[in-house]
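Please walk me through this structure, step by step, in a way that a first-year student can follow. I would like each term to be explained when it is used.

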Amino acid sequence: MSKVKRIAHLVLRFLAFGATLSSVIVMATSHERLGFFPFYYDAKYTNTPAFKYFVIANSVVTVYGFFVMLLPPKSLLWRFVVALDLVFAMLLISSESAAVSIAYVGKKGNAYAGWLPICGQVQNYCDHVTGALVAGLAAVIIYVILLMYSIHTVLDPFLLTKHGGCPHS
Amino acid sequence: MASSNAEKATDQLNKSSNALNNVMMPTTKTKTKLLKRDLMVLCLRVLAVLATASATIVMALNKQTKSFVVATIGNNPIKVSITAKFNHTPAFVFFVIANGNACLHNLVMIAMDLFGSKFDYKGLRLALIAILDMMIVALAAAGDGAATFMSELGKNGNSHAQWNKICDKFEPYCNRGAAALASSFAGIILLLIITGMSIIKLLKPNRINDIVP
């Protein structure tokens, strides 16, 4: 039973790692070049601070996810991992929300501020960024599920065992 | 002889009952330590209510009207008045809603801490408080992130997309928005500490105040 639990936990963590990694890669490779020689216009993710924050936050969480997967199951550090899971889930959610708000302005514009939508001109770039945001949303959902799962296995909120939770017991 | 035996017996009985009392009663030291933790969570919740409430109210009442001279016909300037309100931007609307939810959640939690010790269901109370706290932290973080980058866009513009900055024309509006953002950042740090302490409470529940099966 505990072996199945351990494998399920590892699968969840690997999915989370994969989601954040894919969102980093897709956002970082979003690039479109318009115009003709010598008047080029580049649409890149570095044009917008929100997308840069998205890439940085997701790469930090990718590295964290990789190291947590390597943690041995019986160590007492799993309680610390619950707290770190909370902090990194919060970071992921804020970066995803920021990127979505800026992408919304890019897609629909903001008539009150005189900001025109740019998705009509750089359609491929817009689609690419949308893909990255979808991967980011999947990462957020998986991290929230992981947070609930960590609290369930490590901290034993329903007080099933007498002396509190032991990790992966 | 019989009386001394009886005395010895009563002495032994007294000693054993004293020993039993010392084991059964919780010592006053652990009692005050745990209550101090509960009091600290309550104080932090009150501060979080104040921070999120001020962020919500300042952003919701954020409005500025300014008139611009568009053209001049002869000697008469033609003026157009433009209003900047918080609900022009979906990110600020989300910010107001998220912070309002955080404020209401903390108010309900304070009420439950003070008055609701009897409501419990198989020890689920502590777990439910921790899970709801985590969800509120996530919501508030999302609202903060969106509003931060939207106001950064308003302050600096984006030359690549030809989006002009608006803060040089609507400076009081931008300043009030910045104050609301700062207050909500303080609120989210407090919310994070509160969530951490709620999770710690799951590890070591206070067996006097919290009902434990």
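A residue is called buried when its relative accessible area is under 20%, exposed when that area is over 50%, and partly exposed in between, with a 1.4 Å probe and protein chains only. This is a predicted model, in which local features need pLDDT of at least 70 and side-chain atom pairs count only at pLDDT 80 or more, while totals for chains, interfaces and linings use all residues. Residues are numbered from 1 along each chain as its sequence is written, chains are lettered from A and ligands numbered from 1 in the order in which they are written, and side-chain values use heavy atoms, with hydrogens and water left out.

With the term in hand, we can turn to Arg13(A), which counts as buried because its relative accessibility is 4%. This residue is found in helix 1 of chain A, residues 2-28, where helices (H or I, at least four residues) and strands (E, at least two) are DSSP runs, numbered from the N terminus. Leaving aside residues up to four places away in sequence, Arg13(A) touches several others, among them Tyr64(A), Trp78(A), Asp85(A) and Leu146(A), a contact being heavy atoms within 4.5 Å.

One of these partners deserves a longer look. Asp85(A) forms a salt bridge with Arg13(A), and the closest N and O atoms are 3.0 Å apart; a salt bridge is a side-chain nitrogen of Lys or Arg within 4 Å of a carboxyl oxygen of Asp or Glu. Because Asp85(A) lies in helix 3 (residues 78-108) of chain A and Arg13(A) in helix 1 of chain A, the pair ties together parts that are 72 residues apart in sequence. Asp85(A) counts as buried, since its relative accessibility is 0%.

Where else do salt bridges occur, and how many are there over all chains? By this rule the count comes to 5 over all chains. One of them joins Arg33(A) and Asp42(A), with the closest N and O atoms 3.1 Å apart; here Arg33(A) counts as partly exposed at 48% relative accessibility, and Asp42(A) is partly exposed with a relative accessible area of 23%. In chain B, Arg45(B) forms a salt bridge with Asp133(B), the closest N and O atoms being 3.0 Å apart. Because Arg45(B) lies in helix 2 (residues 28-60) of chain B and Asp133(B) in helix 4 of chain B, this pair ties together parts that are 88 residues apart in sequence. Arg45(B) is buried, with a relative accessible area of 2%, and Asp133(B) counts as buried at 1% relative accessibility.

Chain B as a whole contains 5 helices and 2 strands, and, read along the sequence, it follows the pattern α-α-β-β-α-α-α. Of its 213 residues, 38% are buried. Among the contacts in chain B between residues at least 6 apart in sequence, 75% join residues at least 24 apart. Two single residues illustrate contrasting surroundings: Arg125(B) is placed in helix 4 of chain B and counts as buried at 9% relative accessibility, whereas Gln162(B) is found in the loop between helix 4 and helix 5 of chain B and is exposed, with a relative accessible area of 61%.

We can now ask how the two chains meet. In all, 35 residues of chain B are in contact with 32 residues of chain A, and the chains bury about 3100 Å² between them, 79% of it on carbon and sulfur atoms; buried area is the accessible area (1.4 Å probe) that two parts lose on being put together, summed over both. Phe149(B), His160(B) and Trp163(B) supply 22% of the area that chain B buries against chain A, more than any other three residues. Between the chains the count is 0 salt bridges. On the side of chain B that touches chain A, the elements giving two or more residues are helix 3 (90-115), helix 4 (124-156) and helix 5 (171-203) of chain B, and helix 4 gives the most, with 15 residues.

Finally, the UniProt record, an unreviewed entry, places the feature "transmembrane region" at residues 39-61, 91-112, 124-143 and 178-200 of chain B; UniProt positions are given in the numbering used here, feature names are shortened, and annotations may be inferred rather than shown by experiment. In the model, residues 91-112 of chain B are 100% helix and 0% strand, with end C-alpha atoms 31 Å apart.
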